[in-house]
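This report describes one protein chain. Look at the sequence and the structure first, then read on.

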Amino acid sequence: MGHFLPSLSHAHPLSPFHFQIFGGLVWILVASSKVPFPILQGWVMFVSVFCFVMSTSLLCLYICSVHGGSSFWVTLDAICQSTAALFYLSAAVLEAYSTYVLGFLVTPVIQYRENIAAVVFAFLATLVYVIHEVFSLLRWKSS
């Protein structure tokens, strides 16, 4: 297993498009959902939009070969993925809390289901960012 780990540190098991897919779904679902505390929805929207734009920008820079193979790119990737993972974890927990509170209020079932879907995709986006963060940190450590 020890000889297998260094080869994994240079490759990510997930495509960068997973960030856009899950981040976009969270963005859409949170925008259409109803929450009892608008400040919570504001933070979740900020995180989903910020991470979506950040990931898309980094992907475009990478596709245009701006990185040039420098070690700065590896450090930037590790910092961005760590920040995004932490932000998405906080947003997913806040969305889950607001959905929990919404369950006690008299709300239509469709709104409650939208919030549940937003929570599920927020945690999936968190998982995707955490997986990418681990591999980014392994790549950063080996560079």
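Helices here are DSSP runs of at least four residues, numbered from the N terminus. By that count Glu133 lies in helix 5. The model is predicted, and the sections below begin with the overall fold.

**Fold and confidence**

The protein has 5 helices and 0 strands, and along the sequence the pattern reads α-α-α-α-α. The average pLDDT of the protein is 77, and 82% of the residues score at least 70. Confidence is highest in helix 4 (residues 71-104), with a mean of 86, and lowest in helix 1 (residues 5-8), with a mean of 37. Residues 1-10 have a pLDDT below 50, and this stretch has 8 contacts in the model beyond near neighbours in sequence. Where pLDDT is low, the predicted coordinates should not be read in detail.

Of the 143 residues, 36% count as buried. The accessible surface of the protein is about 8000 Å², and 78% of that surface belongs to carbon and sulfur atoms. Among contacts between residues at least 6 apart in sequence, 80% join residues at least 24 apart.

**Annotated segments**

Which residues does UniProt list under "transmembrane region"? The unreviewed UniProt entry gives residues 42-64, 85-110 and 116-138. In the model, residues 42-64 are 96% helix and 0% strand, and the C-alpha atoms at the two ends are 33 Å apart. Residues 116-138 are 100% helix and 0% strand, with end C-alpha atoms 33 Å apart.

**The nonpolar core**

The largest nonpolar core holds 20 residues. Val26, Val30, Cys51, Tyr88 and Tyr129 have the most contacts inside this core. Two or more residues come from each of helix 2 (17-32), helix 3 (38-63), helix 4 and helix 5 (109-142). Helix 4 gives the largest share, 7 residues.

Cys51 can be followed further. Leaving aside neighbours within four places in sequence, Cys51 is in contact with Ala84, Tyr88 and Tyr129.

**A charged pair**

How many salt bridges are there? The count comes to 1 salt bridge. The side chains of Asp77 and Arg139 form this bridge, at 2.7 Å from N to O. Asp77 lies in helix 4 and Arg139 in helix 5, so the pair ties together parts that are 62 residues apart in sequence. Both Asp77 and Arg139 are buried. Side chains of opposite charge can pair when their charged atoms come close.

**Four residues one by one**

Is Glu133 buried or exposed? Glu133 counts as buried because its relative accessibility is 18%, and the cut-off for buried is under 20%. Leaving aside neighbours within four places in sequence, Glu133 is in contact with Gln81, Ser82 and Ala85.

Two of the residues are found in helix 3. Gly42 is in helix 3 and is partly exposed, with a relative accessible area of 38%. Trp43 is in helix 3 as well. Its relative accessible area is 29%, so Trp43 is partly exposed. Leaving aside neighbours within four places in sequence, Trp43 is in contact with Phe87, Ser90, Ala91 and Leu94.

Ile21 is found in helix 2. With a relative accessible area of 49%, Ile21 is partly exposed, since a residue counts as exposed over 50%.

The table pairs each of these residues with another residue of the chain.

| Pair | Apart in sequence | C-alpha to C-alpha |
|---|---|---|
| Glu133 and Cys80 | 53 residues | 8.5 Å |
| Gly42 and Val30 | 12 residues | 9.3 Å |
| Trp43 and Phe87 | 44 residues | 9.3 Å |
| Ile21 and Phe121 | 100 residues | 9.7 Å |

**Putting it together**

Helix 4 can be traced through several of these points. Helix 4 has the highest mean confidence, 86, and gives the largest share of the core, 7 residues. Asp77 of helix 4 is joined by a salt bridge to Arg139 of helix 5. Helix 1, in contrast, has the lowest mean confidence, 37.

Definitions and conventions. Residues are numbered from 1 along each chain as its sequence is written. Side-chain values use heavy atoms; hydrogens and water are left out. UniProt positions are given in the numbering used here, feature names are shortened, and annotations may be inferred rather than shown by experiment. pLDDT is the predictor's confidence in each residue, from 0 to 100. Contact means heavy atoms within 4.5 Å. A nonpolar core is a set of buried Ala, Val, Leu, Ile, Met, Phe, Trp, Tyr and Cys residues joined through side-chain atoms within 4.5 Å. Buried means under 20% relative accessible area, exposed over 50%, partly exposed in between (1.4 Å probe, protein chains only). A salt bridge is a side-chain nitrogen of Lys or Arg within 4 Å of a carboxyl oxygen of Asp or Glu. Accessible areas come from the Shrake-Rupley method with a 1.4 Å probe; for residues, only the protein chains shown count as cover.
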